[in-house]
Amino acid sequence: MNLVDLPDELLAQIASFLSPGALVHLQQVSTRFHDIVQSNVALQYALELHVAGMVDNPASRLVPAERLRILRQKEESWRTIDLSDRRLLSLQHNPSGIYDLTGGVLLLGERRNTGSHTGTDSVHTVHLHSAFSNAGGDSRRLSLWRTIDLGQQVIDVGLAIQEHDLIAIVTYSYINSVQLQASINIHLIKHSTGQPHPAAAKPVIHFDNIHYLPGHCSIMLEVAGDTLCFLLNNYFPFVNGHPVTLAIYNWKTGHLVVGQKRLYPDPTMFNSFILLSPDAVALPIIPTNSLEICHFATELAAPPPPPHVGEGPPPPLDIPLLKTTCILELPSVEPDALLLRMTCRCEPNPRGPLASATYADPQVPFTSDPLKALMILHMHFRLPQNTSRLYTLIINRISLLAFLNGTLKFYRRERESRVTDGHPIAQGVLESTTSSGEAGPSPTQSAQDEEVEPLIALPWKDWGPSTSRLFQDELPGTRWITTTCGQRLVRVRSHNGRMRLHVFDFNKLAIKRMLHARALLGEPFGTRPGESILQKGFTRAHRRGGRHADGDDVADVDMDAVDDGGGMGDDPIAVGWLPDLEGDPQDPDDDTGEVGLNDEDDEDEHGDDDEAAVQQSSKSSGTTDAALALGGLAPVDPKRKVRVMLGKTVIPKGAVWSESLESTLPYMETSVRITEDYESVLLDEDVIIGLKMDPAGRHITEVGLHRIGGPVS
């Protein structure tokens, strides 16, 4: 029997195992296969998930047709930034400085002593979508907050709601108050019940006894799969042998997998990290101005230590140290520019194998793909004359994983060949990264990968410009780190006394599809009021007049209109977070124009399959209605402005950077006027959270929720 002799239903079932790119090529085989793919809701849903950068939730109770409808509705609402679905949350407690946001849950700490600026007594959580169940539109009188009080002082928290219904709470209690010696413990709580998590063999993991002074210690922890990564920065002013400790646990067994990376002499050496996968972590290292990527699959797969038998305390365990696998160098800085701190986040966290998950929310049809999620890295510099400068780097997690995977492949290839073939190590890694179709290493990577002491460092010019986008930023925008989810980032700014909400979308496929749909409609993007585009092959740079170093004309920028957070002088700036979006893109004198260099069209990493998926999904049935439904025309809104950045942006050398910096990660920036006076905005999946603060700017007084695209069920 030939394949074509099978019934359409069985062919559709077989096609469901294909990748989105293969589905597109299948449609081109024959009219019959085209009709099968186009008429099958499950296959269309798979294509839409791919373009939207989402992953399906197998536990959802919704049928594929309903999931597809919700997905398309939400993508359309994101395109227009529909903020009409709004609720308010007031607080019945005094918030502390602790907060977290992930998996549809917002967490705020509580400080009962209103006269103090330190200390957290308990934590309060709320399911964001529960606030929208009140049809009256005002959730301030509803008791939506859940309280978790362990009877100990809280230092920090970590959430893994979607994968495990887990909240990890770090507490301290003094065992010698005179010497300020405290016991640091990690409590593993099932969020929905407030009780110890049943999957944890040790509901309380004892980290260590340390000298601890409130307000002089910072902790960060993240959970992915069975991995719990814990970072302690202790700024204790007296005696402390280990100011920086990084520990990685298997939270289900409670045993320590990897010990501290090394004895860091400076507690400010690094104070944040992101998990690239359950067996890989990226560390922004301040003294070396670099990202260190560490892979610990072998240690994670090792069996837990045997239980202690006999009397007396158990003997100390031989815990392996975390090894650096590769180093990504950040741009070099001027001698007078001091890098004070780097903070990063990448939401949502990666997940382990499906079998390791202990929870699945049946109400959620799909979530952002962790592999494609954005890492946001804030870099804070101190300059002479007590001025400062902030920059933000954006890069996808999958790009960082590709460099790690390329390094591991390079090491394996070198061991197999036992020759170095004469070319630079960094070039070999880049070739391995480019030739690899995998996003990252398997959690069960061979132990042989760990036998080689990794020494590879990739210069910024070899990895940064092609995979990232670098912005000059502002201090208010970096106060809250939870401003990204998936491939979107949100900001709020005041311009000429008017508040505007800005949404940055770094989804290359969604941008391509929108542009292609507009072309099909005969109205290319950039031809309507409020739209502007910087095409590939063009470069955008800002200086205060004059010409760029390479001789090309550049646009002027009004420096007085930029809030630099600490004195800009005459140093050139990059395309900012929107001061120029208020301009008229149709005005030839406006600084949103293009500076043409060449028309070279660089191919994207995934190339043909993604391009075919975009064009095929845009054409769909070949009608105008299809183009409208897939990112075409929306009603003209004079309050909405959209800019698409496909070309390069350049930050010229100056007070901070020792060389001009290019970056090319495409993005679409949409801005709408809002009436709310938010101090900041946060983002979690399909909900934008606006924060109102007290006059001193210390405490949250009200939380505004804007759900994009309606309910998920």
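Guide: In this structure, helices and strands are runs assigned by DSSP, a helix having at least four residues and a strand at least two, and they are numbered from the N terminus. With that in mind we can place a residue such as Pro348, which lies in the loop between strand S20 (338-346) and strand S21 (366-368). Please keep in mind throughout that this is a predicted model.

Visitor: What is the form of the peptide bond from Glu347 to Pro348?

Guide: The bond from Glu347 to Pro348 is cis, and its omega is near 5 degrees.

Visitor: How many helices and strands does the protein chain have?

Guide: The secondary structure of the chain comes to 13 helices and 39 strands. Of the 713 residues in the protein chain, 57% are buried. If we take the contacts between residues at least 6 apart in sequence, 67% of them join residues at least 24 apart.

Visitor: Let us turn to a helix. Which residues of helix H3 are buried?

Guide: In H3, which spans residues 31-39, the buried residues are Phe33, Ile36 and Val37. They cover an arc of only 90 degrees around the axis, and they therefore lie on the same side of H3. Thr31 and Ser39, on the other side of H3, are exposed.

Visitor: Which helices do the buried residues of H3 pack against?

Guide: They pack against helix H1 (8-15), helix H2 (20-27) and helix H4 (41-52).

Visitor: How should I read the packing of two helices?

Guide: Two packed helices are described by the angle between their axes and by the distance between those axes. Here the axes of H3 and H4 come within 5 Å and cross at roughly 80 degrees. Angles of 65 to 115 degrees count as roughly perpendicular, and H3 and H4 are therefore roughly perpendicular to each other. From H3 the contact involves Ile36, Val37, Gln38 and Ser39, while H4 contributes Val41, Leu43, Gln44 and Leu47. Sorted by class, this contact of H3 with H4 has five nonpolar residues, three polar ones and no charged ones.

Visitor: And how do I read a pair of strands?

Guide: Strands of a sheet pair through backbone hydrogen bonds, in either a parallel or an antiparallel way. Strand S3 (residues 95-102) and strand S4 (residues 105-110) pair in the antiparallel sense over five bridges, and Leu101 has Leu106 in S4 as its bridge partner. The two strands form a hairpin with two residues between them, and Gly103 in the turn has a positive phi of about 60 degrees. S3 is mostly covered, since seven of its eight residues are buried.

Visitor: In what order do the five strands of the open sheet stand?

Guide: The order is S16-S17-S18-S19-S24, and the pairing is mixed. Strand S16 (274-277) and strand S24 (456-458) are the edge strands, each pairing on one side only. On average, neighbouring strands of this sheet are turned by 25 degrees against each other, direction ignored. One pair is strand S19 (residues 324-329) with S24, which run in the parallel sense over three bridges, with Ile327 opposite Ala457 in S24.

Visitor: Which strands does helix H8 touch where it packs on the sheet?

Guide: H8 (residues 397-417) touches S16, strand S17 (280-285), strand S18 (290-295), S19 and S24, and its direction makes about 125 degrees with that of S19. Helix H10 (residues 460-467) lies across S18, S19 and S24, running at about 70 degrees to S19.

Visitor: Is Ala280 buried or exposed?

Guide: Buried means under 20% relative accessible area, and Ala280, at 0% relative accessibility, therefore counts as buried. Ala280 lies in strand S17, and its contacts, leaving aside neighbours within four places in sequence, are Ile274, Leu275, Cys294, His295, Phe296 and Leu404. Although Ala280 and Thr325 are 45 residues apart along the chain, their C-alpha atoms are separated by 9.5 Å.

Visitor: What value does phi of Asn289 take?

Guide: Phi of Asn289 is near 50 degrees, a positive value in a residue other than glycine. Asn289 is placed in the loop between S17 and S18, and at 11% relative accessibility it counts as buried. Ile81 offers a further case, with a positive phi near 55 degrees. Ile81 is found in the loop between helix H5 (64-80) and strand S2 (86-90), and at 6% relative accessibility Ile81 counts as buried.

How values were computed. Residues numbered from 1 in each chain as written. Predicted model: local features only at pLDDT ≥ 70, side-chain atom pairs only at ≥ 80, totals over all residues. Heavy atoms only, no water. Buried < 20%, exposed > 50% of the residue type's maximum accessible area, 1.4 Å probe, protein only. Arc of directions from axis to C-beta. Contact = heavy atoms within 4.5 Å. Pairing = 2+ DSSP bridges. Axes fitted to C-alpha atoms, helices over the stretch in contact; angles between N-to-C directions. Parallel < 35°, antiparallel > 145°, perpendicular 65-115°, else oblique. Nonpolar A, V, L, I, M, F, W, Y, C, P; charged D, E, K, R; others polar.
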